[in-house]
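Hello,

Here is the structure I promised to pass on to you. Please open it next to this message, and then read on for what turned up in it.

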Amino acid sequence: MLGDDEDVFDSVTWESPNSPAYGVDEPITQTPGFRQSTTESNEDPLEPKWEGYLITSVRDPVKELAETKDAYVSYLVSAKTNLPIFSTPNPTSRRRFQDFVFLRDYLVRDFPACVVPALPDKHRLEYITGDRFSPEFMERRRLELHRFLQRLARHSTLQRSTLVRAFFESTEWHVHMHQHVAHPPGNEHAQGIIDNISDTLLNAFARVRKPDERFLTMRENVDKFEEGIVLAERLFGRVRSRTSDGNPESGEDLTADYHDLAVAVQGLGFLESGITDPLNHFSNTLLEFSALLRHTTQTTTDPLLIHLNSLLQYSHANRAVLKLRDQKQLDFEELSDYLSGVTAERDRLAAVISGHAGSTGLGIGAYLKDRVDAIRGADDDRSRVEKMRKLDVKIKELQDAVTTAHETSDAFSDETLREQAVFQFSKEAEMKEMLGNVADGQIEFYKAAMEEWERIIPVIQRIRVDV
């Protein structure tokens, strides 16, 4: 693709004195991962921390149980790594699509603050004809799964997860899946007051009252990025439909037009006996150029469209993390308001008992509540004292919940900042790869086209027309 000297990650170092090298003789300098973290004292705590590299690949799709109704496709997944969590530097195994789905679903559940990339649709991929066992479909599915694992490998947290390690290493993957479902990682917490309250308070129309400018900027950048991806997808989709949409009746299929022109020129050669051979050569060149256009569509434009859509889904996963961070802040704000309301109610009751109800400043609402309590027979001091006792317990629970919500919100914000750095690095690497592939495809197309036309030009020039 592009020269190694142009790699934006050419300053990456891969060897760590604290990580076993697993017998790797030379440091790896060209990989899809990122730099390993150092132990410098001035290290930014919000920067992602890599402990090593993980280079992944998906290849060799094979149809299993081919003659049965339970047929499926398995893929050979392999990796090269120096991460301490792996027991071997070159793990390998065969996995089917359902295994990728399990991996993705439980990474989302186990790491809610991480941007976990999406998987391709299970049954079909756009711009691909044939069933799910056709060679073209399996190859495109393989590329999408390969890209999914690359994104996990570029993530400083996900690359070190026990589930990712088992996905590559385990010879009893189904047993490991059942164990993971039955005994998930210890990051889950029991339902408490923060869950019971915040789940009812949050809704689609709630807005953070004190937004953080850093995350507003991030959201704006995500919006701009997705707008650019959608625009590029629309433009290249239009290019594809006008170049090789496979529908001659549309009148916009350029490959079909060149094919029809070649047939017409060949027919003209039968009428012009003196220049039949040159016209046949010219017709063959038109056919080759038509085939070249179709080949470029299949090898360059179609992969680009699929990659653009994949990047868009990846960005959606990033947006979901930003939204979840806002929800964590909203948890804290709503719980704080709830605590203020309960505290005010407790102060009101204390004022009523002490005979200074008017000094609470709660107005007509408190007066009406007192009247309702009086009608219900709940206005005696004994009931108020009991209610105050319950409110004191509730206030203590809410204070603990508000403290926890505040700590969670701050921690989630810090993790989101690290996630944005990881996502930005991964996005830049993918954009470089994607645009490099487009450039390589176009260079290959124009080189081949020039060779075809340069061969036919002398043949045409040799034609002599008597006037």
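Let's start with a pair of charged residues: the side chains of E144 and R147 meet in a salt bridge, with 2.4 Å from N to O. Please keep in mind as you look that this is a predicted model. Why can these two side chains belong to neighbouring turns? E144 and R147 are 3 residues apart in helix 2, so about one helical turn separates them. Both E144 and R147 are buried.

You can find a similar arrangement further along the chain. R348 forms a salt bridge with E345, and their closest N and O atoms are 3.0 Å apart. Both residues lie in helix 8, which covers residues 276-354, and they too are 3 residues apart, about one turn of the helix. Are these two buried or exposed? R348 has a relative accessibility of 3%, so it counts as buried. E345 has a relative accessible area of 16%, and because buried means under 20%, it is also buried.

Now compare that with K69 and D70. These two form a salt bridge as well, the closest N and O atoms being 3.5 Å apart. K69 is exposed, with a relative accessible area of 78%, while D70 is partly exposed at 46%. Salt bridges can also join up: R151, R154 and E430 are linked in a network of them. How many salt bridges does a search of the whole structure find? The search finds 22.

Next, the sheet. It is an open sheet of 3 strands in the order 1-2-3, with antiparallel pairing. Strand 1 (54-64) and strand 3 (92-96) are the edge strands, as each pairs on one side only. From one strand to the next, the twist averages 25°. Helix 2, residues 135-153, packs on the sheet and touches strand 1 and strand 2. The direction of helix 2 makes about 155° with that of strand 1. This is the helix that holds E144 and R147.

As a bit of background, strands of a sheet pair through backbone hydrogen bonds, either parallel or antiparallel. Here, strand 2 (residues 72-81) and strand 3 run antiparallel and are joined by 5 bridges. To see the pairing for yourself, look for L76, which stands opposite R94 in strand 3. Y75 stands opposite R95 in strand 3.

Strand 3 also shows an alternation of its side chains. Which of them are buried? S93 and R95 point to one face and are buried, whereas T92, R94 and R96 point to the other face and are not.

In strand 1, have a look at D60. Its phi is positive, about 55°, although D60 is not a glycine. With a relative accessible area of 40%, D60 is partly exposed.

Last, a spot on the surface. L231, L235, F236 and V239 form a nonpolar patch there, and together they have about 330 Å² of accessible area. L231 sits in helix 6, which spans residues 213-244. L231 is partly exposed, its relative accessible area being 44%.

Enjoy exploring it, and do write back with any questions!

Best wishes

Notes
Residues numbered from 1 in each chain as written. Predicted model: local features only at pLDDT ≥ 70, side-chain atom pairs only at ≥ 80, totals over all residues. Heavy atoms only, no water. Patch = residues over 30% accessible without salt bridge, like charges linked within 9 Å, V, L, I, M, F, W, Y side chains within 5 Å. Areas by Shrake-Rupley, 256 points an atom, 1.4 Å probe, with all protein chains shown as cover. Salt bridge = Lys/Arg side-chain N within 4 Å of Asp/Glu carboxyl O. Helix = DSSP H or I, 4+ residues; strand = E, 2+ residues; numbered from the N terminus. Buried < 20%, exposed > 50% of the residue type's maximum accessible area, 1.4 Å probe, protein only. Pairing = 2+ DSSP bridges. Axes fitted to C-alpha atoms, helices over the stretch in contact; angles between N-to-C directions. Contact = heavy atoms within 4.5 Å.
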